[in-house]
Amino acid sequence: MMNNSRPAFTLLEIILYLFIFAVIGLAVFSFSQMAFSVNAHSQIVAEVDSDGSALMQRLIGYIHRTPSNGINYPLAMASSDSLSITTTDSATTPVVISLQSGVVVVSEAGGEPVAMSSNRVRVSDLQFQNLGTSGVNDIIRISFRLANNNQGNRAEFDYSRSFTSAASPLLR
Amino acid sequence: MSDLTPKIIKDPSRCSHRQGLTLIDAVLALTLLAVLVTFSASALFLSQEAIISSGNRSTANLVVQEAVSALGVISQESFTALGSGTYGLSSQSGHYTLVANSDQSDIFTRQIIITDVDDFSKSVVINISWPQGQQWKSLQSSYVIYNWAL
C-alpha cells in the first residue's frame, strides 16, 4: 500500500500566509486609492485651467470687437467688477459683463443675462481695470479667480487658479 | 512480455515529496511586484505633472498676451518710450509702464527684452518663467513692433 501522507500547513505557516496576504492587500488598496485620488485631482486641475483660459479668451474677444471709443465703463484709470461696452451693432448695445453668484454672465441690450462660465467652476474676484488714457487708448486688464465647484468638500477636488490678461479695442 | 512493474512506482506525481517556494522565488516575485508598483506610481505622477505643466503654460500665454496688449498701447502713445533694454510691466500708476528688469504676476516672472531694429521697428522678446516642482519652466514669445505713425 502506498504512503500518501503529506504534512498539512502548520498554524505558524497559516498565520504567516494571512499576514503576507493582508500586507499585500493593504498595499494594493492604498495604491489604488491614491491612484484614484491623483486622477480625480488631475481632472479637476485640467478642467479649471482649460475653463479659465477659455473664459479669458471669450472676455478678450468681446474687448477686441469693441470700437476704439466703445468702453462705457470702467473709465480710464478706474476699475470695476463689471464691464460695459458699446458695439457696432445697435441691437446688442450695450454689452454688460458681470459676476452673478460665482458665474460670469453677459447681457446684451438689457436682455436676460447668459452664463459665460461653466457651472463646474466658481468665479470670484472678477475685475476689469481700465489702464488707458481718457478713452483714446483704452486697455482693459482682466483678472479673476476660478475654483472648482467642490460641493462634496473633498480635499482632492479643491483647486483654484488666478487668471490675468489684458486687451484693447481693435476696431478703428 | 508485459511490464510487470507496478505503475504507481513509475508515476512521479504520486510521489509525496514536493518542494515549496525557494527564497529566490519569493525575492524574485517581490522584486517584480515592487518594479510594477514603482512604474505605475511614476506614470501616475508624470501624467499629473504633465497636466499641471499644460495648465501653467496656457496661463503663461495669457501673461504674454497682457504684455503684447500693454506694449501696443505704450507704443501708440510714445514709440520712443520703448527703449532698448530688459523690462517688466507695472500697472501701479493706473497705466501700463515699463519697469526695470522684470515683474511678477502670480507665480510667473515676466521679462520683456526690447532691441532696436531700425528707426521704425523694434524686436520684442517676452520671457515667462515659473517654478514647477524642483524645476523652472519657461515660455518665450517674440515679435516685431512697428511705429505705424511714421
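The following exchange examines how terms are applied to chains A and B of a predicted model.

User: What conventions apply to the numbering and to the confidence of this model?

Analyst: Residues are numbered from 1 along each chain as its sequence is written, while chains are lettered from A and ligands numbered from 1 in the order in which they are written. In this predicted model, local features need pLDDT of at least 70 and side-chain atom pairs count only at pLDDT 80 or more, whereas totals for chains, interfaces and linings use all residues.

User: What makes a run of residues a helix or a strand, and how many of each has chain A?

Analyst: Both are DSSP runs numbered from the N terminus: helices are H or I over at least four residues, and strands are E over at least two. Chain A has one helix and nine strands, in the order α-β-β-β-β-β-β-β-β-β from the N terminus. Chain B has two helices and six strands, following the pattern α-α-β-β-β-β-β-β.

User: How does the radius of gyration of chain A stand against that of a compact globule?

Analyst: The radius is taken over C-alpha atoms, and the globule rule is 2.2 Å times the number of residues to the power 0.38. For 172 residues a compact globule would have a value near 16 Å, but chain A has 29 Å. Along the principal axes, its C-alpha atoms fill a box of roughly 110 × 30 × 25 Å.

User: Why is a residue called buried, and what percentage of chain B is buried?

Analyst: A residue is called buried because 20 or more other C-beta atoms, placed from the backbone, lie within 10 Å of its own. Buried residues make up 17% of the 150 residues in chain B and 26% of the 172 residues in chain A.

Conventions: A residue is buried if 20 or more other C-beta atoms lie within 10 Å of its own, exposed if 12 or fewer, and partly exposed in between; C-beta atoms are placed from the backbone.
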